[in-house]
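Got a minute to look over this structure together? Have a scroll through it first, then come back for the run-down.

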Amino acid sequence: MIIPVRCFTCGYPIAAKWEEFIERVKRGEDPKKVLDDLGIKRYCCRRMLLSHVDLLREAMYYTVR
Amino acid sequence: MNVSLRRIADNAIEILIQGLPLPIINAIRRYALAKVPTMAVDEVAIIANTSALFDEILAHRLAMIPLYSEVAIRKYAEPPPEVCAKCTASEAEEKPPAEVCKKCFVHLYLEAEAVDREIVVYSGDIKSEDPDVYPVYNNIPIVILAPGQKILLELRARLGRGLEHAKWSPATVAVSRYVATIEVDKKRCNLCGKCVEVCPRKVLELSNTEIKVRDIYECILCKQCINACPNKAIDVVPKSDEYILYIESSGALKPATIVREAANILISELEELLRKVVEWRGRKVTAQ
Ligand code: SF4
Ligand code: SF4
Ligand SMILES: [Zn+2]
């Protein structure tokens, strides 16, 4: 739905890096390089960002009254 | 005993410790995870929430946001977090008086409304009553609001410990690891370079005459080199009196503060034990 605040495994606050990550990836940068630049070392944290889809942006319109 | 700093960054510290038994280093490591207190949101009053996220998801997300706690761990130290825990416990067993509870909570507010376009509500939008307690990162998305949606929340944060809930744990990583001794039997080694190739940490280096160790502290004792060696010429063994302590912070406390606080808690617990033992000195032994 929305990027989890922390890594499920280690608790690293990955959400603080989400927007920079997704903006740079959308601009065409290699996700590996962006993750390295952001200093996200562990693969538990890396999968959090790599596998996330912001579904809330779509789902939220189904609740508007 | 010999202690040296290997690396220090904003959010992590790596210390090399010589001559201290592993159980003590391990105690400090565990206290860093479970006993050093920090601030975190513990109660959320939902005054309005027309967003697509449920109230409890919002509350959970808010609790996960690291709050700056360097000042708070002194300022709100009394009452101890154990007493605060009783305050918010659902089962009503001997709650502390209300004036005690008032002293341990910090109030924060979060209000946002999307009028004619989507907005993202960030941790930086949280307003705190105490200038010493605030979200460490300003750019954590809390919720996205569609036009017409709004939230109005009142948050109460208090000191707590990782023992009670992981949101209060100041460390995201707290590990101790061994330091290796690498021995290469020169008579057997034919300088094939296989060990250099497989080492994931690039610890080894091939010179003309021998296998050299670049930085022994980088070795993680994975023993890949041993497996790769066709001549059983290399051996890696852990040292028995040298360890590395690595602590990474969630941001709530500086990594050095975490180590210091963890050591202080351990010391005060040992002092308590010592006090008791001294008290008992001279007591007659009575058969049970
Ligand atoms: S044990 Fe692992 S890290 Fe250490 S030197 Fe051998 S291959 Fe490298
Ligand atoms: S793999 Fe064994 S024989 Fe080959 S260089 Fe390394 S230690 Fe020497
Ligand atoms: Zn992680």
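Here's a quick briefing, grouped by topic. Keep in mind that this is a predicted model. Chain A has 4 helices and 0 strands, while the domain assignment splits chain B into domain 1 (2-34 + 172-247) and domain 2 (38-168). The model also holds ligand 1, with 16 residues around it, and ligand 2, with 14.

**Chain A**

- Going along the sequence of chain A, you'll read the pattern α-α-α-α.
- The C-alpha trace of chain A spans about 45 × 30 × 15 Å along its principal axes.
- Chain A has 65 residues, and 34% of them are buried.
- If you take the contacts in chain A with a separation of 6 or more, 50% are between residues 24 or more positions apart.

**Where the chains meet**

- On the chain A side, 19 residues are in contact with 21 residues of chain B.
- Two elements of chain A, α1 (15-26) and α4 (56-59), each give two or more residues to the side that touches chain B.
- The largest share of that side comes from α1(A), with 4 residues.
- Sorted by class, the chain A side comes out as 14 nonpolar, 2 polar and 3 charged residues.

**Domains and cores of chain B**

- The C-alpha centres of domain 1 and domain 2 of chain B lie 42 Å apart.
- The largest nonpolar core has 76 residues, and B:A32, B:M39, B:L62, B:V143 and B:A157 have the most contacts inside it.
- Both domains of chain B feed this core: domain 1 (2-34 + 172-247) and domain 2 (38-168) each put in at least three residues.
- There's also a second, separate core of 10 residues, which includes B:C195, B:V203, B:L204 and B:I211.
- Which residues does B:M39 touch, leaving out those up to four places away in sequence? They are B:L67, B:S69, B:A72, B:V106, B:V133, B:A157, B:R158, B:L159 and B:A252.

**Two helices of chain B**

- Helix α2 of chain B covers residues 55-64, and its buried residues are B:L58, B:A59, B:R61, B:L62, B:A63 and B:M64.
- The cover over those buried residues of α2(B) includes β3, β7 (141-145) and β8 (150-160) of chain B.
- B:R30 belongs to helix α1 (residues 22-34) of chain B.
- Is B:R30 buried or exposed? B:R30 counts as partly exposed because 16 other C-beta atoms lie within 10 Å, and a residue needs 20 or more to be buried, or 12 or fewer to be exposed.
- B:R30 and B:L62 sit 32 residues apart in sequence, and their C-alpha atoms are 25 Å apart in space.

**Strand pairing in chain B**

- One open sheet has 4 strands in the order β3-β8-β4-β6 (chain B), with antiparallel pairing.
- At the edges of this sheet are β3 (38-49) and β6 (127-128) of chain B, and each pairs on one side only.
- Strand β4 (residues 106-113) of chain B runs antiparallel to β6(B), and 2 bridges join them. Here B:L108 stands opposite B:S128 in β6(B).
- β2 (residues 12-18) and β12 (residues 234-249) of chain B are antiparallel partners with 7 bridges. In this pairing B:L16 faces B:I244 of β12(B).
- β9(B) also pairs with β12(B) in the antiparallel sense, over 12 bridges. Across from B:A174 you'll find B:I247 in β12(B).

**The two ligands**

- Among the 16 residues around ligand 1, the closest are B:C199, B:C219, B:C222, B:Q224 and B:C225.
- At least two residues of the ligand 1 shell come from each of β9 (171-184) and α7 (224-228) of chain B.
- By class, the ligand 1 shell has 13 nonpolar, 1 polar and 2 charged residues.
- Which residues come nearest to ligand 2? Those are B:C189, B:C192, B:K194, B:C195 and B:C229.
- The ligand 2 shell splits into 10 nonpolar, 3 polar and 1 charged residues.
- B:C195 turns up twice, as one of the residues nearest to ligand 2 and as part of the second core.

How values were computed:
Residues numbered from 1 in each chain as written. Chains lettered and ligands numbered in written order. Predicted model: local features only at pLDDT ≥ 70, side-chain atom pairs only at ≥ 80, totals over all residues. Core = buried A, V, L, I, M, F, W, Y, C linked by C-beta atoms within 7 Å. Domains from an automatic or database assignment. Contact = placed C-beta atoms within 7 Å. Near = placed C-beta within 6 Å. Nonpolar A, V, L, I, M, F, W, Y, C, P; charged D, E, K, R; others polar. Pairing = 2+ DSSP bridges.
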